[in-house]
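Hi everyone, thanks for coming. I'd like to walk you through one structure today, so please have the viewer open as we go.

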Amino acid sequence: MLTSSPQQLIMVSGKGGVGKTTLSCGFARQLARQRSDETVLLLSTDPAHSLGDVLQIPVDNTPAALRDLPNLQMRALDAAALLEQFRADYGTVLELLVERGSFVEGDDLSPVWDMGWPGLDELMALLEIQRILRDREADRVVVDMAPSGHTLSLFALMDFLDTLLAALGQFQQKHRTLTETLTGRYTPDEADQFIADMRRDLEQGRSLIQDHHRAACWVVGIPEPMSLAESDRFIIALGRLGVPLGGLAINRVMQESGQIFPSHRQMLAEFEAIAQGQPVLWVPVQPSEPVGAAALDTLMPQVKPLDLAIVGASTADVSPPGTSWTTPIPPGIEDLVAAGRRLIVVGGKGGVGKTTVAAALSWGLAELHPDVDLRVMSIDPAHSLGDALGQPLGHEPTRLRPNLQAQEVSAEVVLDQFRADYLWELADMMAGDGDIAGGIQLAYGPDAWRQVVAQALPGIDEMLSLITVMDLLERNEHQLIVLDTAPTGHLLRFLEMPTALGDWLGWIFKLWIKYKDVVGRVEFMGRLRSLRQRVLAAQEKLKDPQHTEFIGVVQNQSAILAEAKRLNQTLSDRGIAQRYIVHNRYQPGLDLPTELFPHQCVVRLAALPPTPLPFDLVKQAAHLLLQR
């Protein structure tokens with residue numbers, strides 16, 4: 001069904017860990033084989049790329065054709081390399097435009113290119129997808145997207161770029177007005193051409209992504225309540241953004257004698273109900289991991305359109321293999337409250353069970369210490385903590401028991417406060433406009449900077465999550481905070497945030513020192529200096545093993561373990577200790593290779609019997625994880 005679709009751009013997203021990359025790879029191979037006269041490009045925009053893990057070949061930022069399918073090219077986007085190319089192409093004109101809209105001279109803007117900013121992954125990916133399609137580098141593009149929350153951030157960037165280009169246009173209008181006032185005429189220059197070209201490219205990109213004849217986003221899920229809930233929210237958000245839904249692909253459906261288990265059949269019916277009339281495909285669970293070309297080519301013919309009247313149901317469900325949940329498997333995780341930890345960060349690849357583990361640790365530790373206040377927080381834009389706990393959660397904390405609160409951080413709420421505290425005044429400062437050109441007062445600069453600040457800046461989720469956690473720890477209201485984080489690539493962005501924000505604030509201080517006689521704002525700079533000190537202190541706390549405990553979660557699958565190994569090495573390189581690895585859905589006799597995590601304690605969390613209430617799984621996991 002997918003290979004017969006007319007779309008030029010097919011995007012694949014969904015909750016982390018449901019098989020997005022596997023199905024993207026399998027579909028791209030199938031598409032290239034069936035359309036041998038076309039060039040197909042399989043592209044990954046997820047910062048934690050997994051194409052190579054699934055295809056079992058090296059994949060990097062340079063498009064490379066497969067040996068057995070020369071019309072199929074693979075590419076994992078490298079945001080840093082794309083930014084460097086963007087700088088080479090447009091850096092000079094962008095510095096010129098910002099100089100025209102602020103008090104800053106062009107030379108002072110050059111260091112900006114060398115500073116990291118977490119949202120650049122999405123921004124560079126969006127611009128590169130638009131360029132590939134504009135330049136017709138491939139007839140068809142299949143995009144293995146980041147998990148749903150950050151996929152939505154990428155799509156929303158179109159609105160941010162609209163506003164940014166409008167602001168740059170106002171900077172240029174200020175220059176145009178001044179030039180006409182002082183010289184009597186104006187000749188368009190390279191900045192005018194850049195703005196016109198970018199506006200045209202953005203409009204063409206939006207037109208493509210929102211055209212159901214040319215583009216579609218397919219949502220991958222698995223027959224579990226948390227996947228259903230996140231898929232439903234994701235589909236609704238796609239509708240708000242005008243991105244067409246291609247259909248759903250439900251992975252890992254369990255069968256017996258050719259009949260689907262009743263619980264999975266019921267879940268398929270619920271997925272069909274949220275599909276808005278679009279096709280629903282289903283994929284049977286595989287006896288082994290479908291990695292490598294042969295396994296993927298075996299998998300794809302098993303992908304079938306859903307027809308509940310035909311597939312039928314088996315007579316009984318079979319519980320997944322595992323030991324009784326009442327019997328913990330030593331070793332467990334030590335009592336981290338008694339050990340004096342203030343922050344637990346739970347991370348790993350999407351879909352491995354991070355949310356369940358984070359909820360279980362907070363519940364179990366709250367049971368052990370009824371006199372100690374704890375909070376569990378989700379900082380993933382695609383929140384699932386409320387799904388795991390079986391109740392709606394929001395930005396305001398919900399009390400689960402007398403000494404435990406739960407919260408899903410709202411970037412929108414925190415951004416409003418951050419604007420009030422810092423960004424509105426920073427926008428006014430950057431404009432730096434006063435009475436100029438013989439008394440002419442121009443409002444272009446301040447208005448333009450405020451328009452930019454009014455948008456949700458790329459990467460703002462990670463920055464605001466850091467500040468929210470930092471504020472809570474500083475207020476000392478809770479003995480311990482447990483963080484349910486975004487999947488690996490965006491977890492690393494959260495951990496990078498202190499360095500990135502510290503660098504940006506340091507650059508602003510240098511500008512202020514040079515131009516303080518122009519901009520003033522001594523009190524404001526004092527508040528920014530205090531913020532920078534707090535951010536750097538937070539960075540030290542993240543690296544302090546007595547303060548912060550990082551707990552990785554994995555399942556025994558090659559792609560998951562490869563990503564976990566890379567994450568472990570990255571944490572080590574950044575001086576962040578990781579003592580524990582939770583091996584989720586452990587099956588007796590199928591232990592992790594001992595050489596994989598030689599310096600970590602592997603905690604085996606047995607596969608739990610199915611339950612209609614996810615919160616029951618949280619309580620069972622709490623019993624199994626902690627040393628008693």
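I'll start with a sheet and a helix on it, then move to some backbone details and finish with the cysteines. Do keep in mind that this is a predicted model.

Let's begin with the sheet. Nine strands make it up, and the sheet is open, with mixed pairing. If you trace across it, the order reads β3-β4-β2-β5-β1-β6-β7-β10-β11. The edges are β3, residues 64-65, and β11, residues 304-305. Each of these has a single partner strand, so one side of each is left without a neighbour in the sheet. As a reminder, strands of a sheet pair through backbone hydrogen bonds, either parallel or antiparallel.

One pair to zoom in on is β2, residues 40-44, with β5, residues 140-144. These two run parallel, and five bridges link them. Within that pair, Ser44 sits opposite Asp144 of β5.

Now, which strands does helix α7 touch as it packs on the sheet? The answer is β1 (9-14), β6 (215-221) and β7 (245-253). The direction of α7, residues 225-241, makes about 165° with that of β6.

Let's stay with α7 for a moment. The helix has 17 residues and spans 25 Å from first C-alpha to last, close to the 24 Å expected at 1.5 Å a residue. Its buried residues are Met226, Ser227, Leu228, Glu230, Ser231, Phe234, Ile235, Ala237 and Leu238. Right after the helix comes Gly242, with a positive phi near 75°.

From that list, I'd pick out Glu230. With a relative accessibility of 5%, Glu230 counts as buried because the cut-off is under 20%. What does the side chain of Glu230 make a polar contact with? The partner is the side chain of Ser148, at 2.5 Å. Setting aside neighbours within four places in sequence, Glu230 is in contact with Lys15, Ser148, Ala382, Ser384 and Asp387.

On to the backbone details. Please go to Pro330 and Pro331: the peptide bond joining them is cis, with omega at about 0°. Pro331 belongs to the loop between α10 (308-311) and β12 (343-347).

Then there are two arginines with positive phi. For Arg521, phi is near 60°, and the residue falls in the loop between α16 (488-519) and α17 (522-543). Arg521 is partly exposed, at 31% relative accessibility. For Arg585, phi is about 55°, but here the residue lies in a strand, β20, residues 578-586. Arg585 is partly exposed too, with a relative accessible area of 39%.

While we're by Arg521, have a look at α17. This helix has 22 residues and reaches 32 Å from its first C-alpha to its last, close to the 32 Å expected at 1.5 Å a residue. Among the buried residues of α17 are Phe524, Leu528, Leu531, Val535 and Leu542, and the list also includes Arg534 and Gln539.

Last stop, the cysteines. How many disulfides are there? The count is zero. Take Cys25: the closest cysteine sulfur, in Cys217, is 16 Å from its own, and a disulfide needs the two sulfurs within 2.5 Å, so this is too far for a bond. Cys25 is buried, at 1% relative accessible area, whereas Cys601 is partly exposed, at 26%.

That's my tour, and I'm happy to go back to any view you'd like.

Conventions: Residues are numbered from 1 along each chain as its sequence is written. This is a predicted model: local features need pLDDT of at least 70, side-chain atom pairs count only at pLDDT 80 or more; totals for chains, interfaces and linings use all residues. Side-chain values use heavy atoms; hydrogens and water are left out. Helices (H or I, at least four residues) and strands (E, at least two) are DSSP runs, numbered from the N terminus. Buried means under 20% relative accessible area, exposed over 50%, partly exposed in between (1.4 Å probe, protein chains only). Two strands pair if DSSP finds at least two bridges between them. Contact means heavy atoms within 4.5 Å. Axes are lines fitted to C-alpha atoms, for helices over the stretch in contact, and angles run from 0 to 180 degrees between N-to-C directions. The expected span of a helix is 1.5 Å times one less than its number of residues. A polar contact is a pair of N or O atoms within 3.5 Å; within protein, one must be able to donate a hydrogen and the other to accept it, and residues adjacent in sequence count only if both atoms are side-chain atoms.
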